[in-house]
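Work through the exercises below with the structure in view, and try each task before reading its solution.

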Amino acid sequence: MAKPYEFNWQKPVPSFLQDGAIFDRYEEESSVFEPGCFFKVDEFGFFLSWKSEGKEGQVLECSLINSIRFGAVPKDPKILAALEAVSKAENELEGRIVCVCSGTDLVNINFTYMVAESTEDAKQWIDGLRSITGNFRANNVCPTTCLKKHWMKLAFLTNTNGKIPVRSITRTFASGKTEKVIFQALKELGLPSGKNDEIEPSAFTFEKFYELTQKICPRTDIEELFRKINGDKTDYLTVDQLVSFLNEHQRDPRLNEILFPFFDPKRAMQIIEIYEPDEDLKKKGAMSSDGFCRYLMSDENAPVFLDRLELYQEMEHPLAHYFISSSHNTYLTGRQFGGKSSVEMYRQVLLAGCRCIELDCWDGKGEDQEPIITHGKAMCTDILFKDVIQAIKETAFVTSEYPVILSFENHCSKYQQYKMSKYCEDIFGDLLLKQPLETHPLEPGRSLPAPNDLRKKILIKNKRLKPEVEKKQLETLKSMMEAGETAAPVSILEDDNEEEIECGEQEEEAHPEYKFGSELSADDLSQKESVANHIKKVRQRFTHIFNEKGRDSQENKAHNTHCRFKKCV
């Protein structure tokens, strides 16, 4: 006999989330402050809902929540004054603020802040909310569960009287349906049907909502199939007709007959017992059109095996054998020219499962000379390198334990590179992979470690100097820093053989517009790049002549080429 299909899509919701708690809520962007909100999560983990006295209820869909974390103390004086008025002083807020980050994409993010009564409550709710978010199974539930989700949302969106406004129901069915059709359907179900009427939540049960949906949006496709199966002779299906339909149409013929046996009358009767609402038809062993519709809209008729959505991969092969989910210009929220850089983007892409992210590193220009991340020479805003490293640490392994690769596009001077390395060591700690694994030395012919070998490890991908040059420059840098010489020691640390110093080439800048002001136009940038390309070609020609010609001829050619090079500069 075919076994009942079981799909456990729910994550257990902790009891304290279902019981709810009081928080003060605020939003920094709009300066909205709402004291004494009662927050709770429903038994299925669909919604985080809240309501305060004298205001309408609000909900946030848990599937839209990207991250839950501790929030920083607000900077808005209005919010601080409002918190002070409810006996929450600024110096007491540390560790008591829960930040709920949500959005339909990675850029348009909303932040809701919940201020708990104690640090213990804040930590408990952060851990609890994290345990139920990111439930991708809940995004693949059956149509009946989706209807239940819509019904629960309506039940949470109560007005100041604690009742469900009829206008909320009309908005739910607004697509292609006139209000008159909805009012008439409500009236037929014995519910208040006026435009300004209200419905008691206890009277608006799921069964009422299900009947309402069938009146407004009937499944005519299922009704047509039902008539085709029974020959349009009766208003019900017999057990034999149901068994025939299940084996000949619903069951995949490619399935193994031992693991997935055929349906028989006994299994058909079990289905009728579960989904048929008419008790008289149950006793007769028959299924109505309504019961047939309920069965087809249940989890038992998923188009794929929902318990296999957690795709399993064998993660024991070398790292280079896998496609790696990667992000380019991770810091940008939009366009690459004149765009905005954001630390939050690193959080969002890592929480979305990305395992390789890019950091374009440039020298900071302030007194503190902090390394920055930006899109060089493109008028994009800056973010601090150390802020990005901190964000990566907090979110790198929330979604996945597999290694995270940081791809450095490094334009920094040696001094600021040293600061970058210190930030990585101090902030990442043991998460940072600083030496090759003993089992996988970096030698020609040896494979890279497997993802399983690198769980919860952060790898840095960065162009390195020759070992002897790197060692010499690092020693020089350390001695200078010990002597207190920290002001741009770049010229001393550059390799003597680098052509940039020999030819007097200017150091690259992340923001040339700061140097030239408003006079630097797009044409100026294009002209500068053209000159740089020409210089590169001259250098290549110089190297070729130097290698091919004799020493005497070599000196003459070098002199001529050097003159032409100076003219280009």
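**Exercise 1.** In this predicted model, determine which strands helix H15 lies across and at what angle it runs to S15.

*Solution.* Begin with residues 414–428, which form helix H15, and follow them across S12, S15 and S16. Then compare directions: H15 runs at about 165° to S15.

**Exercise 2.** Find the order of the strands in the open sheet, and decide which of them stand at the edges.

*Solution.* The open sheet is formed by 5 strands with mixed pairing, and their order reads S14-S13-S12-S15-S16. Strand S14 (383–384) and strand S16 (458–461) each have a single partner strand, so one side of each is left without a neighbour in the sheet, and these two stand at the edges. At the S14 edge, strand S13 (residues 372–373) pairs with S14 in the antiparallel sense over 2 bridges, and Ile372 has Leu384 in S14 as its bridge partner. Helix H13 (residues 344–351) also packs on the sheet, where it touches S12, S13, S14 and S15, and its direction makes about 165° with that of S12.

**Exercise 3.** Establish how helices H7 and H12 are oriented to each other, and which residues make their contact.

*Solution.* Helix H7 (residues 206–216) and helix H12 (residues 289–296) pack with their axes 13 Å apart, at an angle of about 100°. Angles of 65 to 115 degrees count as roughly perpendicular, and H7 and H12 are therefore roughly perpendicular to each other. Glu207, Tyr210 and Gln214 of H7 meet Asp290, Cys293 and Arg294 of H12; sorted by class, this contact has 2 nonpolar, 1 polar and 3 charged residues.

Definitions and conventions. Residues numbered from 1 in each chain as written. Predicted model: local features only at pLDDT ≥ 70, side-chain atom pairs only at ≥ 80, totals over all residues. Heavy atoms only, no water. Axes fitted to C-alpha atoms, helices over the stretch in contact; angles between N-to-C directions. Helix = DSSP H or I, 4+ residues; strand = E, 2+ residues; numbered from the N terminus. Parallel < 35°, antiparallel > 145°, perpendicular 65-115°, else oblique. Contact = heavy atoms within 4.5 Å. Nonpolar A, V, L, I, M, F, W, Y, C, P; charged D, E, K, R; others polar. Pairing = 2+ DSSP bridges.
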